[in-house]
Amino acid sequence: MVDRIVKSEQEWKKILSAEQFEVLRLKGTEKPFSGEYVDNKKDGIYLCAGCSNPLFSSDDKFDSGSGWPSFTRAVSKDSVEKREDLSFGMVRVEVVCARCGGHLGHVFTDGPKPGGLRYCINSLSLSFTENE
């Protein structure tokens, strides 16, 4: 289990940029191909930009052509949570940080084999720590 972090809207606004707040706390989406980590090829771990919870490994990152960083799986079953998302007249699965509840993106079933999943994640919801 991950220890939960709960903050007020004002507390989040103090630690996040306006753009990060829009994505992580208000479920926004950055424009495709605009994010810092879309083309990142470095080895390391992607963390939640809100709470530094480890989320995804560069070992599981792939180029989906979607315009957002894409991963085949999370670093652990406890690092992210999935929620039904019925916004915009679609049925999707939202991915949120298990620690702070920040919106990360969505997961789709059109990823590479064997798992078949594509975690489509906003760069603004992530930070990155490069392996040494």
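Ser-52 sits in the loop between β1 and β2. This is a predicted model, and in it the phi of Ser-52 comes out near 65°, a positive value in a residue other than glycine. Its relative accessibility is 45%, so Ser-52 counts as partly exposed. Phe-88 is another residue of this kind: its phi is near 60°, again positive without being glycine. You'll find Phe-88 in the loop between β5 and β6, and with 73% relative accessibility Phe-88 counts as exposed. Most residues other than glycine have a negative phi, and most peptide bonds are trans. On the peptide-bond side, have a look at Lys-113 and Pro-114, which are joined by a cis bond with omega about 10°. Pro-114 belongs to the loop between β7 and β8.

Here are the backbone angles side by side.

| Site | Backbone angle | Place |
|---|---|---|
| Ser-52 | phi near 65° | loop between β1 and β2 |
| Phe-88 | phi near 60° | loop between β5 and β6 |
| Lys-113 and Pro-114 | omega about 10° | Pro-114 in the loop between β7 and β8 |

Now for the sheet. Six strands make up an open sheet, ordered β3-β4-β8-β7-β6-β5, with antiparallel pairing. The edges are taken by β3 (61–62) and β5, and each has a single partner strand, so one side of each is left without a neighbour in the sheet. Strands of a sheet pair through backbone hydrogen bonds, either parallel or antiparallel.

Inside that order, β8 is worth a stop. Strand β4 (residues 70–71) is joined to β8 by two bridges, running antiparallel, and Phe-71 stands opposite Tyr-119 in β8. Four bridges link β7 to β8, also antiparallel, and there Gly-105 faces Ile-121 of β8. What about the faces of β8, are they covered or not? Both are covered: Arg-118 and Cys-120 on one side are buried, and so are Tyr-119 and Ile-121 on the other.

Tyr-119 and Ile-121 turn up again in the largest nonpolar core, which has 22 residues. They are listed among those with the most contacts inside it, along with Leu-55, Phe-56, Val-80 and Leu-104. Which elements supply at least two residues each to this core? They are α2 (18–24), β1 (44–48), β2 (54–57), β6 (92–97), β7 (103–108), β8 (118–121) and β9 (126–130). Val-80 gives a good idea of the packing: leaving aside neighbours within four places in sequence, Val-80 is in contact with Leu-55, Phe-56, Ala-74, Val-95, Val-96, Ala-98, Leu-104 and Tyr-119.

Over on the edge strand β5 (residues 80–85) there's Arg-83. Its relative accessible area is 36%, so Arg-83 is partly exposed. Not counting residues up to four places away in sequence, Arg-83 touches Arg-92, Val-93, Glu-94 and Val-96. The C-alpha atoms of Arg-83 and His-106 are separated by 9.1 Å, with the two residues 23 apart along the chain.

Last up is the largest pocket, with about 200 Å³ of space in it. Which residues lie nearest its centre? Of the 19 that line the pocket, those are Val-38, Lys-41, Lys-61, Phe-62 and Asp-63. The lining is a mix, with six nonpolar, seven polar and six charged residues.

Conventions:
Residues are numbered from 1 along each chain as its sequence is written. This is a predicted model: local features need pLDDT of at least 70, side-chain atom pairs count only at pLDDT 80 or more; totals for chains, interfaces and linings use all residues. Side-chain values use heavy atoms; hydrogens and water are left out. A nonpolar core is a set of buried Ala, Val, Leu, Ile, Met, Phe, Trp, Tyr and Cys residues joined through side-chain atoms within 4.5 Å. Buried means under 20% relative accessible area, exposed over 50%, partly exposed in between (1.4 Å probe, protein chains only). Contact means heavy atoms within 4.5 Å. On a 1 Å grid over the protein atoms alone, a cavity is a set of points where a 1.4 Å probe fits but cannot get out, and a pocket is an open set with protein on both sides within 12 Å along at least five of seven lines; lining residues have an atom within 4 Å of a point. Grid points are joined across faces, edges and corners, and a volume is the space filled by probe spheres set on the points. Ala, Val, Leu, Ile, Met, Phe, Trp, Tyr, Cys and Pro count as nonpolar, Asp, Glu, Lys and Arg as charged, and the others, Gly among them, as polar. Two strands pair if DSSP finds at least two bridges between them.
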